[in-house]
Amino acid sequence: MTVDQQGQHSDQQASGETRPAAVHQDGIGHPDELERLWTPYRISYIRGENKPADASTEKCPFCRIPSMADDAGLLVHRGELCFVVLNLYPYAPGHVMVCPYRHIANFVDTTVDEAAEMAALTKRAVETLGRVSSPAGFNIGMNQGVAGGAGIAAHLHQHVVPRWIGDQNFMPIIGRTRTLPELLGDTRQLLADAWA
Ligand SMILES: [Zn+2]
């Protein structure tokens with residue numbers, strides 16, 4: 001993906017045909033020998049798209065998702081008090097979030113039953129992802145508040161991120177061979193089928 005001076009996107013990269021192996025840029029900094037993660041789909045997240053400008057429930061994606069069809073909302077499972085949804089901007093393939101239906105910001109605001117169902121669905125997500133994609137590890141947790149790194153701070157959500165040794169290396173390959181919407185739709189179907 002490139003952005004011209006008018007901010008227009010050229011999405012040739014998404015087709016997987018024109019990704020340059022290396023681009024010379026006159027930047028500044030020191031080589032740190034770290035590999036860079038090619039994540040063009042995260043630009044809309046970084047630009048704040050699909051992010052509520054205020055904390056109202058009407059603008060909140062986590063409040064809107066349960067009213068959508070499963071495939072359109074990337075819903076994996078609908079529980080009684082909480083639901084499981086794929087992250088539209090995944091850190092890794094299979095990155096899901098467990099959210100209460102209620103628009104609450106803080107973990108301490110959950111009822112005993114909501115907290116119990118969040119825990120149960122988190123366990124089930126780990127178990128399902130383990131069965132489907134055999135990750136070598138997981139990141140599990142909540143970022144609470146803007147200072148805590150929450151992208152959508154107004155509505156509590158728990159991340160479950162499957163991890164593989166060296167997983168940053170194959171994400172660009174997946175991104176190149178298939179477009180992301182296809183990948184997310186397939187991943188959702190796979191997890192929803194495996195959930196039961
Ligand atoms: Zn909400």
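The lining of the largest cavity comprises five nonpolar, five polar and no charged residues, where Ala, Val, Leu, Ile, Met, Phe, Trp, Tyr, Cys and Pro count as nonpolar, Asp, Glu, Lys and Arg as charged, and the others, Gly among them, as polar. The structure is a predicted model, in which local features need pLDDT of at least 70, side-chain atom pairs count only at pLDDT 80 or more, and totals for chains, interfaces and linings use all residues. Residues are numbered from 1 along each chain as its sequence is written, and side-chain values use heavy atoms, with hydrogens and water left out.

One cavity of 30 Å³ or more was counted, and the volume of the largest cavity is about 40 Å³. A cavity is here a set of points on a 1 Å grid over the protein atoms alone where a 1.4 Å probe fits but cannot get out, and lining residues have an atom within 4 Å of a point. Grid points are joined across faces, edges and corners, and the volume is the space filled by probe spheres set on the points. The residues that line the largest cavity are Ala 105, Asn 143, Gln 144, Gly 145, Ala 150, Ile 152, Ala 153, His 155, Leu 156 and His 157. Between His 155 and Gly 145, ten residues apart along the chain, the C-alpha separation is 9.5 Å.

His 155 is also a ligand of the zinc ion, whose protein donors are Cys 60 (SG), Cys 63 (SG), His 103 (ND1) and His 155 (ND1), at 2.0 to 2.3 Å. Donors are N, O and S atoms within 2.8 Å of the metal (3.2 Å for Na, K and Ca); water is not among the atoms, so sites may look incomplete. The arrangement is tetrahedral because the four donor atoms subtend angles of 100 to 119°, the criterion for four donors being that all angles lie between 85 and 135 degrees. The sequence spacing of the donor residues is C-x2-C-x39-H-x51-H. Cys 60 lies in the loop between α1 (43–46) and α2 (61–64) and His 103 in the loop between β5 (96–100) and α4 (112–133), so this pair ties together parts 43 residues apart in sequence. His 155 is placed in the loop between β6 (137–141) and β7 (158–163). Helices (H or I, at least four residues) and strands (E, at least two) are DSSP runs, numbered from the N terminus.

Cys 60 is buried at 1% relative accessibility, as is His 155 at 0%, whereas His 103 is partly exposed at 24%; buried means under 20% relative accessible area, exposed over 50%, and partly exposed in between (1.4 Å probe, protein chains only).

Note on methods. 1 Å grid on protein atoms, 1.4 Å probe; cavity = no way out; pocket = protein on both sides within 12 Å on 5 of 7 lines; lining within 4 Å. Tetrahedral: all angles 85-135°; square planar, octahedral: opposite > 155°, others 65-115°.
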